[in-house]
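Trainee: I should be grateful for a close look at a single part of this structure. Please describe one residue and its surroundings, and then follow the chain elements around it.

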Amino acid sequence: MSNETQFAELIWDADGQPSSGRFGDVYFSRVNGLAETRHVFLQHNQLAERWAALAEDANFSIAETGFGTGLNFLCAWELWERSAPRGARLHFISCERFPLHPDDLRKALSLWPELQPLSDTLLDSYQALPPGWQHFSFSGGRINLTLLIGDAVQMFEQLDAQIDAWFLDGFAPAKNPDMWRPELFEQMARLSVPGTSMATFTCAGDVRRGLQAAGFQLNKVPGYGSKREMLCGHLQHPVTQQWQAPWLCRPEADLQQPRTALVIGAGLAGISSAWALARRGWQVTLLDRHSEPASEASGNPQGILYVRLSPHSTPLSRFVESSYGHCLRHLQALLPDDGVNRQACGVLQLPTDEAELKRLQALGEAGYPPSFLQLLDSQQASDLAGVAINTQALLFPAAGWANPPALCRAMLEQPGIRLLGNSAVAQLDHRQGQWAALDANGQHLATAGVAVICGAVDSLQLAQSAQLPLKPIRGQITHLPATPASRSLRTVLCGAGYISPARLDEHHVGASFRFDRFDSEPSEEENAGNLEMLRGLSPDMESLLALQQLQPAALKARAGLRCSTPDYLPVIGPLADADAFFEDYAELAKDASKKPDTITRTYPGLFVNTGHGSRGLVSCPLSAELLAAWVCNEAFPLPRDLVDALHPSRFLHRRLIRRQQ
């Protein structure tokens, strides 16, 4: 998939209403776009009536073809706030091949002042988005939006969701036939259940026949304005689903049980997971062996929003890209940009060798929007950073740094989270449908219906998660006192390591990578290594920080253990019983092409979210949304192939087919 965002080409008429220059069609009725949306999509999916009848904790999912100006989304949001129970959640999933540029979106939405509070909230989060999946959260988690930037069929092929209503929008079939094709209707049927509704402004014969062939029962009803007829209907019969590896399938969830959860580990992964569940109305007990949260690797004073991408769209690169956009919105919502809690000062990535320079150049030429990344020459980089940069550099202008402990504290303010410090979990027992957390002496700590393991490398001490190939990597950061000269540094610099602009009169430099030491005692050797690394970032560092006068042994430092995996992707999802896995799928060791149907024996209600390595600040917010989607049986906020790439059972499967069990 190309990284280039092809924005909509808008033509504005004398009344300030937009149409598409590419397709020669309008975005909404010239008579009244707001009334058209309410007539076509809200009324003929019977949303007001259906939402009023929802249970207090219900989830409802709408999927849409053609986000356009976002008018349909905003109208659905407004109606949801008026009609649905306060505890219910709406997930709106919309695909758009040619998104509007933020400036065009702002101009278009100004046409409806009655929607301004919602429009402003959307615009505050909306950036020039790269292709792929972008997840947004509004109204305290009550409204979720997943934007799929790309071809509708390709995007919906990767969607794992149960859709309750379809908004089949987009430009008219005669203007945009590539969207209105049988493959799209087949995906709609795959993602629907009997009774799933749909509505569309068109009554074109090809569309009607295609939807009927896919299994939808249709009715012709009066259209809006000058449109004589439109279509609405519902799916009649379930669609036969293609085979999916059972070890990657969703486990059966008992959604009738009280929504209580244990989360083990109060670092970024654990606190983010607790926050995501609590926002869904869960009562969460968060346990940690330390007295205070974020006491280990998540406790550094400055966490860098470092986004290492590949020009080749690898699973890791795609995951980081989606995580980065969500993280920016998450930080914006929770922390002030005040130079203490966070600073959106930009991050400059500098090459360490010729191969790294070629990677940065390839990314700079890949077509990303300039608001996402830019390739700068040495003079541009120097002017931006405030220090000399003697090479090309890749700029992430919206990135910067954040204070992870402040982010953790902000998330812990979410109602529904109870933190139990000094509570080291040594054992998890499943008793009568509940998980019990016990300490090393067998003493009971807490009980809940669901348990989530977020204990980094300590996760290996629990019998159920001992199967995971987690590895510790020690990292040490060095605290350097700011000087009058060093305050000229205006951006984060990343190369072999990083240095941040000063926070509270200190720069933070790091971080080391050690595989031979697993304690948290700072070392003089790693301080010295961090100082030497600085010299490679900029020729100005020697003088700006008076490096020659600094004694490594006297410098303050902080060391902690990162937790990584062999493929550098985190592990997020349900945990399978390893012994049962090898027994149930033994035939795969002889023939990996077999397609067994045996349901995987997972531990009921047991999940994991760990292994984020050095990128936890970027990856944990979206990972927590994915974790909550697993627990609550919601639409996944990531494409299915990435969900599979993050699944804990991927390692059991690899061991089996490599005969390593």
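Mentor: In this predicted model, Gly265 is in contact with Gly270, Ile271, Leu286, Leu287, Asp288 and Cys454, when its neighbours within four places in sequence are left aside. Gly265 itself lies in the loop that runs between strand 12 (260-264) and helix 9 (268-278). Its relative accessible area is 9%; because the cut-off for a buried residue is under 20%, Gly265 counts as buried. For a sense of distance within the model, the C-alpha atom of Gly265 is separated by 39 Å from that of Gln187, a residue 78 places away along the chain.

The elements on either side of this loop can be taken next. Strand 12 is mostly covered, with 4 of its 5 residues buried. Strand 12 runs parallel to strand 13 (residues 283-287), and 5 bridges join the two. In this pairing, Ala261 stands opposite Val284 in strand 13. Two of the contacts of Gly265 listed above, Leu286 and Leu287, fall within the residue range of strand 13. Likewise, Gly270 and Ile271, also in contact with Gly265, fall within the range of helix 9. Together, strand 12, helix 9 and strand 13 form a β-α-β unit, and this unit is right-handed.

Strand 12 has a further partner. Strand 24 (residues 450-453) also runs parallel to strand 12, joined to it by 4 bridges. Here Leu262 is the residue that stands opposite Ala451 in strand 24.

Two other parts of the model may be set beside this one. Strands 21, 22 and 23 make an open sheet in the order 21-22-23, with antiparallel pairing. Its edge strands are strand 21 (427-431) and strand 23 (444-448), each of which pairs on one side only. On average, neighbouring strands of this sheet are turned by 25° against each other, direction ignored. Between strand 22 (residues 434-438) and strand 23 there are 4 bridges in the antiparallel sense, and Leu438 stands opposite His444 in strand 23.

Finally, there is a pair of helices. The axes of helix 4 (residues 102-109) and helix 5 (residues 116-125) come within 11 Å and cross at roughly 180°, which means that helix 4 is roughly antiparallel to helix 5. Helix 4 contributes Pro102, Leu105, Arg106 and Leu109 to the contact, while helix 5 contributes Ser119, Leu122 and Leu123. Sorted by class, the contact has 5 nonpolar, 1 polar and 1 charged residues.

Key:
Residues are numbered from 1 along each chain as its sequence is written. This is a predicted model: local features need pLDDT of at least 70, side-chain atom pairs count only at pLDDT 80 or more; totals for chains, interfaces and linings use all residues. Side-chain values use heavy atoms; hydrogens and water are left out. Two strands pair if DSSP finds at least two bridges between them. Axes are lines fitted to C-alpha atoms, for helices over the stretch in contact, and angles run from 0 to 180 degrees between N-to-C directions. Angles under 35 degrees count as roughly parallel, over 145 as roughly antiparallel, 65 to 115 as roughly perpendicular and the rest as oblique. Contact means heavy atoms within 4.5 Å. Ala, Val, Leu, Ile, Met, Phe, Trp, Tyr, Cys and Pro count as nonpolar, Asp, Glu, Lys and Arg as charged, and the others, Gly among them, as polar. Buried means under 20% relative accessible area, exposed over 50%, partly exposed in between (1.4 Å probe, protein chains only). A crossover is right-handed if, with the strands pointing away from the viewer, the path from the first strand over the helix to the second runs clockwise.
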